[in-house]
Amino acid sequence: MSKLRTAVMVRKTSLKRKQNVEHSPQRKRLCQERIKEESSRIVNVTEIDCHSFKDLTEICSIRARLLSWYDKNKRELPWRRMAVAESDLNKRSYAVWVSEIMLQQTQVATVISYYNKWIQRWPTLQDLAKATLEEVNEMWSGLGYYSRGRRLHEGAQKVLAEFNGEMPKSAEELQKLLPGVGRYTASAIASISFGQVTGVVDGNAVRVLCRMRAIGADSTSTAVTEALWTLANILVDPVRPGDFNQAVMELGAIVCTPKAPLCSECPVQAHCRAYQQVIKEEKAISKRLLGNTMSKLSCTPDIEECGSCSLCLPDKKSWVSSLGVMNFPRKPAKKPPRTERTLTCVVTRKRNTDDTEEYFIIQRPKFGLLAGMWEFPSILMEAELTETKQKHIILDRLAELMGSSVTEANLQHLGEVVHIFSHIHQTYHVYSNSFSDSTVDTVKQEETECPPFRWVTKAEFHQSAVSTAMKKVFRLYGNLCMNEKLFNKGDKQECGFETFGEKRKGRKHKGPKDSGRIQLSMDSFFRPAVKEPL
């Protein structure tokens with residue numbers, strides 16, 4: 001109970017200190033200085049003039065409202081706790097760096113367990129730098145976008161080798177010096193870890209800013225991207241830049257969502273132009289229905305009058321009433337992923353010592369898709385092939401890898417597995433081949449065309465750096481093997497019914513053996529009873 005009371009007191013003291021900071025003369029002075037700097041910089045940028053934040057009162061109100069909301073509603077996440085509790089700047093920035101890399105294109109719920117395991121194994125930059133790429137890939141397995149882990153590892157080694165273990169302190173240096181660190185990641189690390197007054201623009205921030213300033217042009221265009229960075233840098237709180245940036249992203253994640261946004265719970269609703277346009281439209285419709293306006297009145301709300309602007313919706317016809325604030329932001333249609341087909345073969349053998357089944361996996365090249373990951377022998381198909389031709393290609397590849405002749409006797413087609421990468425719709429045609437000879441291990445590694453290989457057990461396979469796609473292939477193989485074992489257990493009954501039948505044999509109460517009756521249909525219950533003759 002005393003620990004709980006202490007935690008509550010610490011939380012209250014923290015909130016009180018933050019409230020004092022928000023209303024302090026220092027913050028107001030910094031706000032004014034910041035606005036003067038940003039205002040002088042954007043005066044000549046006429047493209048965003050009508051979409052900018054230029055009123056000091058409005059900017060201070062947005063900052064205060066967002067920070068107050070964030071303090072009360074933020075999610076408790078492990079990297080946020082470390083950013084607050086860790087006093088060592090290098091450890092703090094490393095923790096934020098790892099979280100930001102993992103969160104790229106990956107949901108928070110998925111990242112949490114990976115992040116905790118990562119930090120537990122490599123709590124510092126120095127620990128990560130000493131790890132092997134194989135260990136990093138194993139830890140990253142299943143998280144996707146595997147180049148992220150490799151670049152994080154390269155970055156840690158670079159910081160240790162070139163900067164004596166000291167992390168760059170500014171967004172500009174972080175982006176310039178660390179591999180895989182772009183503009184957003186650099187700004188997030190700098191503001192959260194080092195307190196640099198710089199805004200951030202990620203997917204959530206894009207949505208929040210576009211709706212607040214009614215920016216309806218293509219949000220991926222260069223003009224809109226630069227405008228959003230300008231807005232983010234104007235709006236960022238100079239006293240608590242890291243918390244403010246996280247508040248904007250948190251708002252986009254749990255309130256200002258892509259679909260079904262919770263506008264009624266938004267702390268900056270009064271400053272949202274998208275919401276104001278929805279209200280204007282509702283009022284216009286109400287007036288028209290009541291006959292208080294001309295019948296020709298348009299239901300489309302007035303878009304901000306800013307002349308020829310590349311940030312507004314293309315035209316008033318672009319407004320879709322049913323979408324409301326979801327009219328912003330606008331994105332171009334995604335290009336469909338290219339379609340690929342790959343032959344893959346699950347090769348197995350029995351270990352002599354204990355008859356354990358082992359699986360043959362090889363390592364992919366150290367560049368390109370899934371670089372350095374392990375997989376079952378696979379061949380990309382350049383065209384549609386018959387099953388016979390597919391088998392010939394697989395046998396040739398296995399003969400090349402196994403260093404000996406491989407027969408077609410045990411080669412079986414198992415089925416197909418579909419996996420969607422970010423830009424590839426991949427279909428795996430899955431085969432299996434088993435070897436009775438446990439000495440099959442003759443790959444000639446000295447030949448450059450032969451990749452590294454190893455035989456692994458089921459447990460070792462799942463601990464290896466294998467992709468989610470290969471795990472799907474292995475799951476297909478395992479399910480089919482399980483079904484086959486069940487099928488082969490009995491000679492008389494079908495797969496899945498034997499175990500049930502065996503259990504019935506041990507029951508004491510048995511029905512008559514030669515009753516000759518069959519299970520009645522539902523119709524029989526509604527027929528009138530027939531009396532049998534005595």
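Colleague: Let's start with the hairpin that S1 and S2 form: how many residues are between the two strands, and which residue in the turn has a positive phi?

Modeller: There are 6 residues between S1 and S2, and aspartate 355 in the turn has a positive phi of about 65°. Keep in mind that this is a predicted model.

Colleague: How do you know that strand S1 and S2 pair?

Modeller: Pairing calls for at least two bridges between the strands. S1, residues 338–350, shares 3 bridges with S2, so the two count as paired. Their sense is antiparallel. At one of these positions, lysine 350 has glutamate 357 in S2 as its bridge partner.

Colleague: Which strands besides S1 pair with S2?

Modeller: Strand S7 (residues 453–456) pairs with S2 in the antiparallel sense over 4 bridges. Strand S3 (residues 374–375) is also antiparallel to S2, over 2 bridges. With at least two bridges as the cut-off, S3 qualifies because its 2 bridges reach that number.

Colleague: What stands opposite isoleucine 362 in S7, and what is its bridge partner in S3?

Modeller: In S7, phenylalanine 453 stands opposite isoleucine 362. In S3, the bridge partner of isoleucine 362 is glutamate 375.

Colleague: Why is S2 called largely enclosed by the rest of the structure?

Modeller: A residue is buried when its relative accessible area is under 20%. In S2, residues 357–363, 6 of the 7 residues are buried, so the strand is largely enclosed. For the protein, buried residues make up 44% of the 534 residues.

Colleague: What makes a set of residues a nonpolar core, and which residues have the most contacts inside the largest one?

Modeller: The set must be made of buried residues of nine kinds, including Ala, Leu and Trp, joined through side-chain atoms within 4.5 Å. The largest core here has 107 residues, and Trp97 and Trp118 have the most contacts inside it. Helix H13 (residues 222–235) gives the largest share of this core, 8 residues. There is also a second, separate core of 17 residues, which includes Val347, Ile362, Leu395 and Val406. In soluble globular proteins, nonpolar side chains tend to be buried together.

Colleague: What does tryptophan 97 touch, leaving out residues up to four places away in sequence?

Modeller: Among the residues that tryptophan 97 touches are Leu125, Leu152, Met167 and Ile189.

Colleague: How many helices and strands does the protein have?

Modeller: The protein has 19 helices and 7 strands. Of its contacts with a separation of 6 or more, 69% join residues 24 or more positions apart.

Conventions:
Residues numbered from 1 in each chain as written. Predicted model: local features only at pLDDT ≥ 70, side-chain atom pairs only at ≥ 80, totals over all residues. Heavy atoms only, no water. Buried < 20%, exposed > 50% of the residue type's maximum accessible area, 1.4 Å probe, protein only. Contact = heavy atoms within 4.5 Å.
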